[in-house]
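Let's take a walk through a protein structure together. Please open the sequence and the model, and keep both in view as you read.

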Amino acid sequence: MAFFGGQPKTAPAMESQTDHDQREGADIPELPEPRSSTVIAKDLIVTGRLSGEGVVQIEGTVEGEVNLKGYVIVTATGKVKGPVEADVIRVAGQVEGNLVSHDHIQLERTGTINGDVTTVSFVIENGGRLNGRTTMVSEQPSKPHVEGLAPSQPEEADGD
């Protein structure tokens, strides 16, 4: 029974109180809401569309569109064949398709991107390979774009 965690019933109560004390500490500001994490293992091939919210680490192969609110991490063994859109994208493996990031992209020294990149911030480490065009955009406004109003507001701000 020791193999299955056969502990007295009083021990879990003490652990949960300790966990509660830790949650009241500095960990809460870092993760204000629960985030899900998904790992696509090295030997897996996923075909189709991945969408949702959280963190996806790709160690295997994804053939299809990846659209995520959160982080996409393509490890050195990872391959993506299709467009990728996420808040933050980190590429240490291979991506064949266009990338759109709402925050930043990091292309590591072992990474290769064959496609166009659209992002706010882009870091390419020495050795990283980009075969495509890069479009740098400003941070997206929190308010929806209304045609006709947006151009006049920045001009007024520039004139002051």
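Leaving aside its neighbours within four places in sequence, which residues is Val 84 in contact with? Find Val 84 in the model, which is a predicted one, and look around its side chain. Apart from those sequence neighbours, Val 84 is in contact with Val 66, Val 72, Ile 89, Val 95, Asn 98, Leu 99 and Val 100.

Some of these names come back when we look at the largest nonpolar core. This core has 20 residues, and the members that touch the most other members are Ile 58, Val 72, Val 80, Val 84 and Leu 99. The elements that give two or more residues to it are β3, β5, β7 and β9, the last of these covering 99-107. A general idea helps here: in soluble globular proteins, nonpolar side chains tend to be buried together.

Now step back and take in the whole chain. The protein chain has three helices and 14 strands. Of its 160 residues, 26% count as buried. The accessible surface comes to about 11200 Å², and carbon and sulfur atoms account for 51% of it. Contacts along the sequence are worth a look too: among those between residues at least 6 apart, 2% join residues at least 24 apart.

How do the strands fit together? In general, strands of a sheet pair through backbone hydrogen bonds, either parallel or antiparallel. Start with strand β3 (residues 50-58) and strand β5 (residues 66-74), which run parallel and are joined by nine bridges. To see one of these pairings, find Gly 52, whose bridge partner in β5 is Leu 68. From β5 you can go on to strand β7 (residues 84-91), which is joined to β5 by six bridges and also runs parallel to it. Here Asn 67 stands opposite Glu 85 in β7.

Another set of strands makes an open sheet. Six strands form it in the order β2-β4-β6-β8-β10-β13, with parallel pairing. At the edges stand β2 and β13 (129-131); each has a single partner strand, so one side of each is left without a neighbour in the sheet. From one strand to the next, the twist averages 5°. Within this sheet, β4 and strand β6 (residues 79-81) pair in the parallel sense over three bridges. One pairing to look for is Val 62 with its bridge partner in β6, Val 80.

Strand β4 (residues 61-63) also holds Thr 61, so let's pause there. Is Thr 61 buried or exposed? Its relative accessible area is 16%, and because buried means under 20%, Thr 61 counts as buried. Leaving aside neighbours within four places in sequence, Thr 61 is in contact with Leu 44, Ile 45, Val 46 and Lys 79. Compare Asp 43, which lies in the loop between β1 (37-40) and β2 (45-47). Asp 43 has a relative accessible area of 74% and is exposed. Asp 43 and Thr 61 are 18 residues apart in sequence, and their C-alpha atoms are 7.9 Å apart in space.

Our last stop is the charged side chains. How many salt bridges does a search of the whole structure find? It finds three. In one of them, Arg 49 pairs with Glu 65, the closest N and O atoms being 3.5 Å apart. Arg 49 lies in the loop between β2 and β3 and Glu 65 in the loop between β4 and β5, so this pair ties together parts that are 16 residues apart in sequence. Arg 49 is exposed at 51% relative accessibility, while Glu 65 is partly exposed at 32%.

Another salt bridge joins the side chains of Glu 108 and Arg 90, at 2.3 Å from N to O. Glu 108 is in the loop between β9 and β10 (112-114), and Arg 90 is in strand β7, 18 residues apart. Glu 108 is buried, with a relative accessible area of 13%, whereas Arg 90 is partly exposed at 38%.

There is also a salt bridge between Arg 133 and Asp 116, with the closest N and O atoms 3.0 Å apart. Arg 133 lies in the loop between β13 and β14 (134-136) and Asp 116 in the loop between β10 and β11 (117-119), so the pair ties together parts that are 17 residues apart in sequence. Arg 133 is exposed, with a relative accessible area of 61%, and Asp 116 is partly exposed, with 24%.

Note on methods: Residues are numbered from 1 along each chain as its sequence is written. This is a predicted model: local features need pLDDT of at least 70, side-chain atom pairs count only at pLDDT 80 or more; totals for chains, interfaces and linings use all residues. Side-chain values use heavy atoms; hydrogens and water are left out. Two strands pair if DSSP finds at least two bridges between them. Helices (H or I, at least four residues) and strands (E, at least two) are DSSP runs, numbered from the N terminus. A nonpolar core is a set of buried Ala, Val, Leu, Ile, Met, Phe, Trp, Tyr and Cys residues joined through side-chain atoms within 4.5 Å. Buried means under 20% relative accessible area, exposed over 50%, partly exposed in between (1.4 Å probe, protein chains only). Contact means heavy atoms within 4.5 Å. Axes are lines fitted to C-alpha atoms, for helices over the stretch in contact, and angles run from 0 to 180 degrees between N-to-C directions. Accessible areas come from the Shrake-Rupley method with a 1.4 Å probe; for residues, only the protein chains shown count as cover. A salt bridge is a side-chain nitrogen of Lys or Arg within 4 Å of a carboxyl oxygen of Asp or Glu.
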